[in-house]
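Hello,

Here is the structure I promised to pass on to you. Have a look at it first, and then read on for what turned up.

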Amino acid sequence: MQAFTYRSGQLFAEGVAVKDLARRYGTPLYVYSRNHLRERYEAIASAMAEVKPLICYSVKANSNAAVLKTLAAAGSGFDIVSGGELFRVLRAGADASKVVFAGVGKTREEIEYALKERIRFFTCESEPEARRISECAKRLGLTGRIAFRVNPDVDPKTHKYISTGKKENKFGLDLDRTMQAYEMAAALPNIEIAGLHLHIGSQILSADPFGAALAKVKDFCLALKAKYPSFTTIDIGGGLGIDYKPDQQSLDPKVFAATVMPFLRELGLNVVMEPGRCIVGNAGILVCTVQYVKESYFKKFIVSDGAMNDLIRPALYQAHHEVWAVSATDKRVPGDLVGPICESGDFLAADRDLPDVGEGDLLAVLSAGAYGYAMSSNYNSRPRAAEVMVDGDKAFEIRRRETLEDLVRGESDIR
Ligand code: LLP
């Protein structure tokens, strides 16, 4: 479904006019479509139905409790990367046996928390981490199940900051060291070898790199399966890309499935997936109000109340997000959409044909559901935005706007 569409010249989120939400909750405002979340989850589940994967939604993309609860109700498990994310998913009612824990720097506290909650497995990023999981599990009298993350050294052809499966990235083990790592870990106390993990990067628009990665680990997985009876799972990570630009096409789960299925069929293992962006990315927009339209000799700057602290992707990755006027206009002007933050990198769109809007008009920055609010900050002492979930013709405030008091919460004077 298209979650955000125009009806009689007004932008709607499902059945609710965005301008009414902006009036009611103020701006900058994140607006999400609950049915889009559900549909994207189902699209992946149905494309991959042959192997009945455990879909572990990647919490880092958008960790609001309402998002987590919506997906948990659809049957989703969760891919987490911190004790904080574990806390969030448990609070949202997740089944811990559907939780997998990734990340290169898990602390003892985080490992023990996850062990006590009996998560499904750790995707283990290094030999020292396996030793640490073993120590923690032994101390607690529990078993640490692990799937080593392998770095298959394939190029996912995405932004270098979000490529994770090339040999120069910090993630995973080099393939030719991995068998030794499994042997070492299998001999550790309180460790069970659960499977193997791959995650080669994010915003990948072609299925080919996923196939290339599986081709590289297939024989290796078959050997591990033969060697360790507890080796039952392949976790193929996330990374399916979405259409940020009109000339892009989201990676269709069916196309993805057609590429990976031959490998998965041959492996005969349980399959875990960790999609984030492709579920939540196009389920969200960031709504801003134009404060000023400023002309310089060189450019027109549309200054909005939304800024890089609300959505850092354009500043950090030169990411493209479409910008729509909430009240439709055909008129376009060349310029930049910028925020009030004191940085030249504070833009939501640069050198673009933007809707010709004026002070007080509303703009929607599209495809902001993933890594939007989740990466927001209080930089320049800006209270963080509110978040609203729309379901049909109903809207729910799922996080209130921060107040000035929230900004100083937790600070104390020198005594
Ligand atoms: N699994 C693991 C182990 C991951 O590290 C990630 C994302 C995912 C799954 C989910 O990937 P997705 O399906 O969302 O592509 N902040 C960046 C993206 C960073 C992705 C980090 N890891 C951005 O805004 O583009």
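A word on terms before the ligand: Ala, Val, Leu, Ile, Met, Phe, Trp, Tyr, Cys and Pro count as nonpolar, Asp, Glu, Lys and Arg as charged, and the others, Gly among them, as polar. Sorted in this way, the shell around the ligand holds six nonpolar, eight polar and six charged residues. Please keep in mind that this is a predicted model.

Let me start with the layout. The protein chain is divided into domain 1 (4–32 + 281–408) and domain 2 (103–273). Their C-alpha centres lie 35 Å apart, and the contact takes 11 residues from domain 1 and 10 residues from domain 2.

Where does the ligand lie with respect to domain 1 and domain 2? Both domains give residues to the shell around the ligand, so the ligand lies between them. In total, 20 residues surround the ligand, and the closest are Ser202, Glu274, Arg313, Tyr317 and Tyr371.

Some of the polar contacts are worth finding on your screen:

- Arg313 has a polar side-chain atom 2.6 Å from an oxygen atom of the ligand.
- Tyr371 places an N or O atom of its side chain 2.6 Å from an oxygen atom of the ligand.
- Gly276 uses a backbone N or O atom, which lies 2.9 Å from an oxygen atom of the ligand.

Taken alone, the ligand exposes 590 Å², and the protein buries 92% of that.

Now to the interior. The largest nonpolar core has 101 residues, and Met48, Ile146, Leu196, Ile234 and Leu264 have the most contacts inside it. At least three residues of this core come from each of domain 1 and domain 2. Leaving aside residues up to four places away in sequence, Ile146 touches a set of residues including Phe121, Phe122, Ile133, Ile191 and Ile193. A second, separate core of 20 residues includes Ala364, Leu366, Ala386 and Val390.

Enjoy exploring, and best wishes!

Terms used
Residues numbered from 1 in each chain as written. Predicted model: local features only at pLDDT ≥ 70, side-chain atom pairs only at ≥ 80, totals over all residues. Heavy atoms only, no water. Core = buried A, V, L, I, M, F, W, Y, C linked by side-chain atoms within 4.5 Å. Buried < 20%, exposed > 50% of the residue type's maximum accessible area, 1.4 Å probe, protein only. Domains from an automatic or database assignment. Contact = heavy atoms within 4.5 Å. Near = heavy atom within 4 Å. Polar contact = N/O pair within 3.5 Å; in protein donor to acceptor, adjacent residues only side chain to side chain. Areas by Shrake-Rupley, 256 points an atom, 1.4 Å probe, with all protein chains shown as cover.
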